[in-house]
Every structure is written in structure tokens, then in C-alpha cells.
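Open the model and keep the side chains switched on. We will go from charged pairs to the packed interior.

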Amino acid sequence: MTYAMKTESIRTPPPEINTGKKSPFGPATARAVAWFVLLAWAAFSLIPIIWLLLAVTKSNAQLQNDFPFSFGSFGNISTAWANLQGYDGGVVADWIGNSVLLTVGGIFLAVITTVPAGYALGTREFPGRKAILMVSLLLMLVPASALVLPLFLEMTTLGLVGHPLSVILPLGVFPFGIYMSFIYFSTTVDKDIYSAARLDGCSEFQVFLRVAVPLAKPIVVLIAFFAFMRNWTEYFLPFVMLGGPQQPLPVGLATLASNVPQLNPLSAQAADVGLPELILATIISMAPVMIVLIVAQRTVLRSADLMGGGLRG
């Protein structure tokens with residue numbers, strides 16, 4: 001036997017030995033495990049929502065005595081709504097209006113600031129560009145609650161504490177939107193389109209307004225969607241900046257919960273505001289989020305797919 005043959009025999013791996021035993025984790029088992037995990041996750045997520053939708057149909061006594069997933073009556077919903085409207089002189093309507101104002105104002109400001117910023121970062125080279133991107137990434141990682149104190153001191157200096165602008169202005173700073181917009185303009189849109197517009201004599205502002213903005217619909221949809229989800233559920237910032245009837249609905253829910261006798265026995269609130277009213281207010285706060293998710297899901301997914309296609313390309 002030659003040296004080459006010996007070397008080849010050493011390099012060749014030994015044949016696999018078939019013991020006749022099959023792995024217990026076959027495709028059927030894997031599918032069963034996957035379905036079990038998905039169903040368990042779905043049950044864990046949906047059971048609280050189902051309970052809320054059924055609990056709002058019950059009175060205080062029914063909530064304590066009836067089966068948790070039994071149905072009460074639509075009359076109890078009407079009674080809870082009437083009590084909720086009469087709570088503290090109708091302050092619940094003010095909370096809802098404040099939430100709409102803060103959410104819409106924050107979305108508008110986020111869109112008109114992040115889209116131009118992302119366009120500039122994604123299409124132009126200028127000193128400090130990388131530093132701005134790094135700061136945007138760092139701000140995405142910093143918890144929002146950690147910035148509330150410096151924001152409060154800043155708004156105090158500007159004399160805006162107690163004014164809706166003290167919440168709208170910080171909500172307009174949306175680092176995640178800046179980074180999404182940067183990715184969109186740098187990867188999805190062909191830069192030759194901008195160059196052609198400049199050769200035709202357009203200024204940079206005209207290129208942005210006439211070329212970039214009409215092409216920016218997908219990223220505007222994504223920024224508005226994520227900004228809405230953040231703004232509508234924002235709690236800590238308006239809790240610190242605003243007070244009384246200026247509070248939005250998430251802060252108002254905490255105030256309402258503190259006055260429910262079942263949750264706070266020391267509360268001196270009238271007995272006509274209880275758990276059914278708190279549950280109804282919770283559903284009202286959840287409804288816009290659910291509606292936006294259902295209505296805008298196709299548009300959001302299509303916009304996300306356009307961005308994903310740009311990244312793959």
C-alpha cells in the first residue's frame with residue numbers, strides 16, 4: 001500500500017452505522033410542538049381580552065359572584081357608560097380629547113422632522129453624519145423614562161410645564177423614525193433619481209419636495225403607525241408634565257383606578273364608580289389601538305415589505 005493510499009484511507013470518514021433506531025423528534029412531533037406553543041401563546045394573549053369584553057357586561061355583584069367568562073347584559077354597559085360620563089364632571093371626555101391632541105400632535109411633528117432628517121442622512125455626505133446616526137441609535141436604546149427628568153427641567157426653563165407642548169415637543173423627537181427614514185432613502189430609493197433632478201436644475205429643497213416626498217409614502221405610513229402606538233400609550237411623560245383635566249387617558253385610568261372602592265378601600269369616591277366603569281374605560285383606551293391595527297395592517301405590512309425589498313436589494 002502506497003503512502004497516497006494510506007493518506008486517503010485516513011482522510012475518508014468511516015461509514016455511518018445504521019442502528020435501525022429512529023429519532024423521536026420527527027416532522028410530526030415538531031409540528032405538534034409548534035402548534036402547542038402557538039396555541040398556548042394565543043390563549044395567554046387572548047384570555048385577558050376575552051375576560052375584559054365579558055366583564056364590562058356585568059355589575060359589581062356579578063363580577064364577584066358569577067363565572068369569570070359568563071355574559072352579563074348590555075344594560076350593564078349602558079349603566080357603566082352613564083356613570084363614567086358623570087365621573088368628576090365628565091373629565092373622562094377631557095382625557096380622551098387630550099389623548100387625541102397629544103397623539104396627533106406628536107405624530108405630525110415626528111413625521112415632519114424624521115422624514116427630512118432621514119432624507120439628508122440617506123442621500124448626502126456631510127460632516128457629523130455618522131455622529132448623528134450613532135446618537136439616534138443610542139437614543140433608541142435609552143429608556144424613555146430616563147429622559148423625563150431632564151425634559152422636565154428643560155420644559156420648566158421654557159415655561160411650558162402644564163402646557164400640551166411640554167409633551168408634544170418631546171414626542172416629536174422620534175429616533176426610531178429617523179433611523180427607519182435613513183434606511184429607506186439610502187437603500188430603497190435609487191439615488192440616480194435625485195441626481196437626475198439636480199441635473200435638471202432643481203435645488204436640494206425642490207428635489208426633496210418634488211421627488212423624495214412623493215416617494216416617501218411607505219416610510220411616512222410606518223413612522224405614523226409606530227408613533228401612534230408610542231404616543232397613545234405614553235404614561236410617564238404626561239404624568240410628570242401635565243395635571244388635572246389636561247391629563248391624557250392612560251394617566252386618567254390610573255386616577256380612576258385609585259378612586260375605585262374595590263381597589264382602594266380608603267377612597268372616598270362615590271359608589272357609582274367601580275370596577276365596571278374602570279373596565280369600560282380600559283376598553284375605550286384599547287379600542288383605538290385595536291382599530292388602527294386592524295385597519296392599517298395591510299398598508300403597514302406593504303410598507304414594511306417595500307423597505308425589506310430595498311434592504312435585500
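Glu 204 is partly exposed, because its relative accessible area is 30%, which lies between the 20% and 50% cut-offs. This is a predicted model. Glu 204 meets the side chain of Arg 198 in a salt bridge, at 3.0 Å from N to O. Glu 204 also meets Arg 124, with an N to O distance of 3.8 Å. Arg 124, Glu 204 and Arg 198 thus form a network of salt bridges.

Where do Arg 124 and Glu 204 sit in the chain? Arg 124 lies in the loop between helix 5 and helix 6 (129-141), while Glu 204 belongs to helix 11 (residues 204-215). The two are 80 residues apart, and the pair links distant parts of the chain. Both arginines of the network can be placed on the exposure scale. Arg 124 counts as partly exposed because its relative accessibility is 37%. Arg 198 is partly exposed too, with a relative accessible area of 25%.

The count comes to three salt bridges. One of them joins Arg 129 to Glu 125, where the closest N and O atoms are 3.6 Å apart. Are its partners buried or exposed? Arg 129 is buried, because its relative accessible area is 13%, under the 20% limit. Glu 125 counts as exposed, because its relative accessibility is 68%, over the 50% limit.

Now turn to the nonpolar interior. The largest nonpolar core has 48 residues. Phe 185, Tyr 194 and Leu 256 have the most contacts inside it. Helix 12 gives the most to this core, with nine residues. What does Tyr 194 touch, leaving aside residues up to four places away in sequence? Its contacts are Tyr 119, Thr 123, Phe 185, Val 189, Val 207, Val 211 and Ala 212. Phe 185 appears in this list, and Phe 185 is itself among the residues with the most contacts inside the core.

A second core is separate and has 10 residues. Leu 102, Leu 160, Val 167 and Leu 242 are among them.

Val 167 leads on to helix 8, being one of its buried residues. Helix 8 spans residues 165-172 and is mostly covered. Six of its eight residues are buried. Besides Val 167, the buried residues are Ser 166, Ile 168, Pro 170, Leu 171 and Gly 172. What covers them? The cover includes helix 5 (91-123), helix 7 (148-158), helix 12 (217-232) and helix 13 (236-241). Helix 12 therefore has two roles to trace on screen: it helps cover helix 8, and it gives the most residues to the largest core.

Key:
Residues numbered from 1 in each chain as written. Predicted model: local features only at pLDDT ≥ 70, side-chain atom pairs only at ≥ 80, totals over all residues. Heavy atoms only, no water. Buried < 20%, exposed > 50% of the residue type's maximum accessible area, 1.4 Å probe, protein only. Helix = DSSP H or I, 4+ residues; strand = E, 2+ residues; numbered from the N terminus. Contact = heavy atoms within 4.5 Å. Core = buried A, V, L, I, M, F, W, Y, C linked by side-chain atoms within 4.5 Å. Salt bridge = Lys/Arg side-chain N within 4 Å of Asp/Glu carboxyl O.
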